[in-house]
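Me: I'd like to learn how to read a few features of a protein model. Could we walk through one together?
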Amino acid sequence: MAFAPEKWGSPGPVSSGGETAPVHILVIDASEEDFDLLRGELSMRGIRNQCERVSSPEELSTALERCEWDLVISEHRLPAFDVFKALDIIKRKGRDLPVLIHSSNIDWNLAVSAMYEGVADFVERGNYDRLVLVIERELRGLRARMAVREADARLDHLANFDHLSTLPNRNLFCAKVGGWLEDCDRRSKSRKGTLVTLDVDRFLRVNASFGYDAGNRVLKEIARRLGDVVDAEVMLARINSDVFGAFFPGIGTQEGGAVMARWINTIFDAPFLQDKVEIFLTASMGVALADGGTGTAFDLLTQAETAMALAKKGGGNQFRFFDPTISVTSAERMSLEADLRHAVARQELQLVYQPVVDGGGQLRGVEALLRWNHPRLGTVSPDRFIPLADETGLIVPIGEWVLTEACRQCRVWQDLGFPWIRVAVNVSAIQFGQPRLLQVVGEALGNYGLEGDRLTLEITESSLMRDPEVTAGMLRALKNLGVTISVDDFGTGYSSLSYLRKFPLDIIKIDKSFIRDICKDVESVAIVRAIIALARSMRRETIAEGVESEDQQVALIRESCNGFQGYFFGRPADAAAITERLLTEQQTRAKLSVASAETYVR
Ligand code: C2E
Ligand code: CA
Ligand code: CA
């Protein structure tokens with residue numbers, strides 16, 4: 001081999017005047033002498049060149065791999081190698097390289113079909129003057145094509161990448177996620193994937209306090225940290241100013257999605273340094289699962305953004321899953337809202353009650369759950385209309401009705417001979433934030449002559465965390481009324497556990513997502529165990545919700561959980577059904593105590 005060039009940039013060659021970069025020419029030729037002659041002739045005619053000779057398909061492949069070439073000059077027919085084979089190898093390697101035939105005894109038919117296959121030109125061996133002209137022409141063409149390609153690539157980059165973070169932008173992100181979804185559909189694979197969006201909380205303050213450049217540095221740093229914490233197959237993007245996106249292929253469950261959101265959030269554990277000042281940031285995140293859906297990547301992104309907006313509205317520093325009930329179309333929403341306005345007056349609301357039992361399966365209390373018997377839609381789930389009631393302020397009259405009705409029913413049960421029964425009522429975040437709640441609770445208890453401790457208010461972890469100052473004040477006032485306070489859906493919030501100590505809470509309701517997997521997932525067991533241990537150390541009661549099987553109950557008793565609720569012990573039922581159950585249990589108890597008294601007498 002005559003010459004082994006190093007890896008070089010392309011295309012180097014030919015310019016008028018001054019020292020030009022050499023042209024890198026790959027020569028396919030069987031003869032070393034012919035090769036030397038060619039190099040000499042080209043140099044003599046002013047073409048600075050770096051050439052290498054190959055004479056087999058293997059040598060050609062290796063040479064193409066090793067460095068970038070500007071041009072190939074090929075002998076027409078070698079013993080085991082012809083120009084067609086060479087063209088094929090060059091094409092398969094995806095190279096855009098002019099190929100010239102430089103050969104004696106050219107068979108014109110073959111030469112024409114070679115040009116048809118992509119050979120740029122052919123030159124009779126020895127006609128070096130023409131060869132030089134052809135080389136110069138081809139190199140000009142190559143340079144022009146390169147320039148167009150570079151411009152295209154730049155435009156493409158501008159259209160698809162965010163220049164600040166160098167991450168893909170919204171466009172490319174949707175295209176990539178969309179490609180992945182289509183691929184799943186094509187291969188009839190289930191779409192197991194999770195899209196998370198992240199919006200930096202109060203980012204404008206960073207800009208306002210430290211300046212725009214500092215804000216940009218923080219955004220770059222966020223992009224860098226994101227890249228560090230996720231695996232290579234995770235698709236990242238900067239969606240817009242302070243919103244980033246991540247798509248996790250293969251993560252298809254709520255639990256998995258929650259783990260990913262928490263994981264991503266670790267990028268905010270360390271402060272962002274700005275002029276030696278440590279800035280601590282938090283984010284609001286939205287999580288949307290692709291599983292089961294048929295929507296586009298754009299739909300999925302919109303879902304995550306909808307959930308993210310709710311996380312932000314909820315005070316930030318938390319994540320939310322997309323809930324299809326959030327996005328009922330606006331027309332449907334408006335008509336639902338109009339109907340909801342009349343629901344109380346038209347007596348369409350109803351309370352059903354779900355039993356809460358002790359370790360022996362005896363009924364200790366009930367949770368009141370709201371139902372809306374819509375004249376046209378049938379029973380509407382509270383998950384669907386409570387958020388609407390919250391947003392429109394209708395939760396105030398509805399909440400009042402619920403509290404009053406639950407207290408009235410509790411009085412009925414008291415009078416039937418069940419003075420120990422406790423009724424739990426759910427209080428939404430909006431209700432909890434209104435001072436009027438105190439008055440309503442006080443009146444409901446007073447009107448029916450109930451002791452405060454007969455009533456339990458269930459408040460979700462996230463409502464408690466909204467504004468710790470307000471929460472502390474409200475809880476103190478409720479405690480003054482004697483009311484029992486329960487933390488609902490515990491474990492799903494996004495807060496530290498330390499607040500449990502700060503607030504006067506009585507009961508912790510372990511969320512049903514942990515109970516569901518308690519028999520099959522060691523992590524759920526560990527979480528439940530930790531929650532119960534923590535509650536006990538603070539003398540709080542625990543209730544497990546969503547218990548659906550005996551195995552789950554056994555596992556929970558093993559962990560010393562105090563109370564149980566779930567389909568296994570009873571579905572939500574109307575007041576009459578609960579009364580019946582109370583009476584039956586009373587009779588059974590009476591029979592048992594008679595039986596045991598008789599045994600004693602005998
Ligand atoms: P929540 O407070 O977590 O209520 C428990 C939900 O879990 C109820 O759904 C109940 O039917 C369901 N559930 C009970 N046992 C099981 C079980 O073993 N397995 C499963 N998979 N689910 C079980 P529901 O009645 O649809 O209520 C949904 C949510 O609506 C409640 O969640 C609560 O946050 C809200 N809500 C209900 N009633 C009211 C109300 O009067 N006021 C307010 N503000 N919110 C309410
Ligand atoms: Ca509840
Ligand atoms: Ca709950």
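**Reading a helix, a metal site and some salt bridges**

Reply: Gladly! Let's start with a helix and its surroundings, bearing in mind that this is a predicted model. The buried residues of H10 are covered by elements that include helix H6 (170-186) and the strands S8 (193-200), S9 (235-240), S10 (243-249), S13 (283-289) and S14 (318-321).

Me: Which residues of H10 are buried?

Reply: The general idea comes first: an α-helix has 3.6 residues a turn, so residues three or four places apart point the same way. In H10, the buried residues are Ala297, Leu300, Leu301, Ala304, Glu305, Ala307, Met308 and Ala311. They lie on the same side of H10, because they cover an arc of only 165 degrees around the axis.

Me: How many residues does H10 have, and what span does it reach?

Reply: A span can be set against the rise expected at 1.5 Å a residue. H10 (residues 297-313) has 17 residues and reaches 24 Å from its first C-alpha to its last, close to the expected 24 Å. Just after H10, Gly315 takes a positive phi of about 110 degrees.

Me: Now the metal. Which residues coordinate the calcium ion (ligand 3)?

Reply: For a metal site, look at the donor atoms and then at where they sit along the chain. Asp488 (OD), Asp489 (OD) and Glu545, listed twice through OE, coordinate the calcium ion (ligand 3) at 2.2 to 2.5 Å. Water is not among the atoms, so the site may look incomplete. Along the chain, the donors follow the spacing D-D-x55-E. Asp489 is in strand S20 (residues 484-490), while Glu545 is in the loop between strand S22 (541-544) and helix H21 (550-558), 56 residues apart. Asp488 also bridges to the calcium ion (ligand 2), and the two ions lie 3.8 Å apart.

Me: Are Asp489 and Glu545 buried or exposed?

Reply: Relative accessible area under 20% counts as buried. Asp489 is partly exposed at 23%, whereas Glu545 is buried at 6%.

Me: And how many salt bridges are there in the whole structure?

Reply: A search finds 41. To read one, check the N to O distance, then the location of each partner. Arg125 and Glu75 form a salt bridge with their closest N and O atoms 3.3 Å apart. Arg125 is in the loop between strand S7 (121-124) and helix H5 (128-160), and Glu75 is in the loop between strands S3 (71-74) and S4 (77-78), 50 residues apart. Glu75 is buried, at 15% relative accessible area, while Arg125 is partly exposed at 22%.

Terms used:
Residues numbered from 1 in each chain as written. Chains lettered and ligands numbered in written order. Predicted model: local features only at pLDDT ≥ 70, side-chain atom pairs only at ≥ 80, totals over all residues. Heavy atoms only, no water. Helix = DSSP H or I, 4+ residues; strand = E, 2+ residues; numbered from the N terminus. Expected span 1.5 Å × (residues − 1). Buried < 20%, exposed > 50% of the residue type's maximum accessible area, 1.4 Å probe, protein only. Arc of directions from axis to C-beta. Contact = heavy atoms within 4.5 Å. Donors = N, O, S within 2.8 Å, 3.2 Å for Na, K, Ca; no water. Salt bridge = Lys/Arg side-chain N within 4 Å of Asp/Glu carboxyl O.
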